[in-house]
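Colleague: Could you take one part of this model and go through it slowly for a first-year student? Please explain each term when it first comes up, and then follow the part outward to its surroundings.

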Amino acid sequence: MGNIHCCILPSPQGRPTNTNEPYGGFAETGETLELPHISDREDLSDHRGTLFSQKSNSGNGLIVVAGRRSMSMIADSRRRNGSNAIDSKTLRKCNSCSTIFIDDSTVSQPNLKSTIKCVALAVFYHIRHRDDNVQSLDIFDEKLHPLTHDPVPDNYDKIDPESRHIYKFIKTLFHAAQLTAEYAIITLVYLERLLTYAEIDLHPGNWKRILLGAILLASKVWDDQAVWNVDYCQILKDITVEEMNELERSCLEYLQFNINVPSSVYAKYYFDLRSLANANDISFPLEPLSKEKASKLEAMSRVEQDKDEGALSLKRSASLNNLSPHRKSFAIIS
């Protein structure tokens, strides 16, 4: 345990380009290759930012997502047309003297529907701005491993799915497995790590199986009573348990078993998803501030204020203890 020289699997960066095996296959006999310890690995999602935010900012021109235009594109259109008219769809609720609206979605308790919409949009941008020259992996190919018995069209890997189709796929799995919004954020973290470590990209022919594998891992790692693979087979009735187990093993191997998600990475993904929602006119629900919720907020604020005052008083008392007592000096009168 804790020995970084105990593994003989090469890292994904050193795998041959003509193989689809995890890590590029095993090392030759007698050759020991070092796999970095999990605590020493560079978390690309933390150091270089979220990949979906980079993909969403890389496109030019008008982007239509699920029938709704980006807020920035709407503003540009108004400036070009010289119109100051306000579209009714862009109106947002504002606080008044009588009613205060608050955003009920927080980093610790995100709104499920809005979060899934944002994750679906992030997957959409990955597919839209993909690199077609990046090698694909057979384990995620829906042509080789279909999720249904229905025949897959020959041009299945050429037609980009709409964000609403991606949203429907995620929503069906989350509803059947009774997963909360936090798992959607963890799913996106695993998905982007998988793309980075395995050096692949999302495209119309593999996004479902990659997304399914990420959801599978997120539900198992972060849920004390996780859904079994056989339960997912009840949702996707045309896939067997053996195929689900193989998908899970492959995702873990390509992730290098790096399934830890620090709170800083989770928060980065949450706020980047909020920024993506604002840029694409996805509104998080606002609720009127009730008396009960106002009382709870006031009580929580009072507790935190008491903690701050207590810490400040202890700091002051500690500083007073370091003061030396006043010394008496004798005056000499000549």
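Modeller: Let us begin with tyrosine 190, which lies in helix α6; helices (H or I, at least four residues) and strands (E, at least two) are taken as DSSP runs, numbered from the N terminus. This is a predicted model, and for that reason local features need pLDDT of at least 70 and side-chain atom pairs count only at pLDDT 80 or more, while totals for chains, interfaces and linings use all residues. Residues are numbered from 1 along each chain as its sequence is written, and side-chain values use heavy atoms, with hydrogens and water left out.

Tyrosine 190 has a relative accessible area of 1%, so it counts as buried (buried means under 20% relative accessible area, exposed over 50%, and partly exposed in between, with a 1.4 Å probe and protein chains only). Setting aside residues up to four places away in sequence, tyrosine 190 touches Ala214, Leu217, Ala218, Val221, Trp222, Leu255, Ile259 and Val261, where contact means heavy atoms within 4.5 Å. One of these partners, alanine 214, is 24 residues away along the chain, yet the C-alpha atoms of the two residues are separated by 5.7 Å.

Several of those partners lead us to a neighbouring helix. Two packed helices are described by the angle between their axes and the distance between the axes. Here the axes are lines fitted to C-alpha atoms, for helices over the stretch in contact, and the angles run from 0 to 180 degrees between N-to-C directions. Helix α7 (residues 207-222) packs against α6 at an angle of about 125 degrees, with the axes 8 Å apart. α6 is therefore oblique to α7, since angles under 35 degrees count as roughly parallel, over 145 as roughly antiparallel, 65 to 115 as roughly perpendicular and the rest as oblique. The crossing of α6 and α7 is right-handed; a crossing is right-handed if the near helix is turned clockwise from the far one by less than a right angle, and left-handed if anticlockwise. On the α6 side, Tyr190 is one of the residues making this contact, and on the α7 side the participants include Ala214, Leu217, Ala218, Val221 and Trp222. By class, this contact has 14 nonpolar, 2 polar and no charged residues (Ala, Val, Leu, Ile, Met, Phe, Trp, Tyr, Cys and Pro count as nonpolar, Asp, Glu, Lys and Arg as charged, and the others, Gly among them, as polar).

Helix α6 (residues 181-197) also has helix α4 (residues 112-128) beside it, with axes that come within 8 Å and cross at roughly 15 degrees, which means that α4 is roughly parallel to α6. The crossing of α4 and α6 is left-handed. Among the residues that make the contact are Val119, Ala122 and His126 of α4, together with Ile185, Leu188 and Glu192 of α6, and the residues of this contact divide into 11 nonpolar, 2 polar and 1 charged.

From α4 we can go one step further, to helix α10 (residues 263-279), whose axis comes within 10 Å of the axis of α4 and crosses it at roughly 80 degrees, so that α4 is roughly perpendicular to α10. Cys118, Val119, Leu121, Ala122 and Tyr125 of α4 meet Leu273, Leu276 and Ala277 of α10, giving 8 nonpolar, no polar and no charged residues.

Leucine 273 in helix α10 brings us back to our starting helix. It is buried at 3% relative accessibility, and, leaving aside neighbours within four places in sequence, it is in contact with Phe52, Cys118, Val119, Ala122, Ile185 and Leu188. The C-alpha atoms of leucine 273 and alanine 122, although 151 residues apart along the chain, are separated by 7.9 Å.

Helix α4 has a further partner in lysine 55, which lies in helix α2 (residues 51-56). Lysine 55 has a relative accessible area of 18% and counts as buried, and its contacts, again without neighbours within four places in sequence, are Tyr125, His126, His129 and Asp201.

Finally, to place this part within the whole, the protein has 11 helices and 4 strands, and 37% of its 334 residues count as buried. Of the contacts in the protein with a separation of 6 or more, 81% are between residues 24 or more positions apart.
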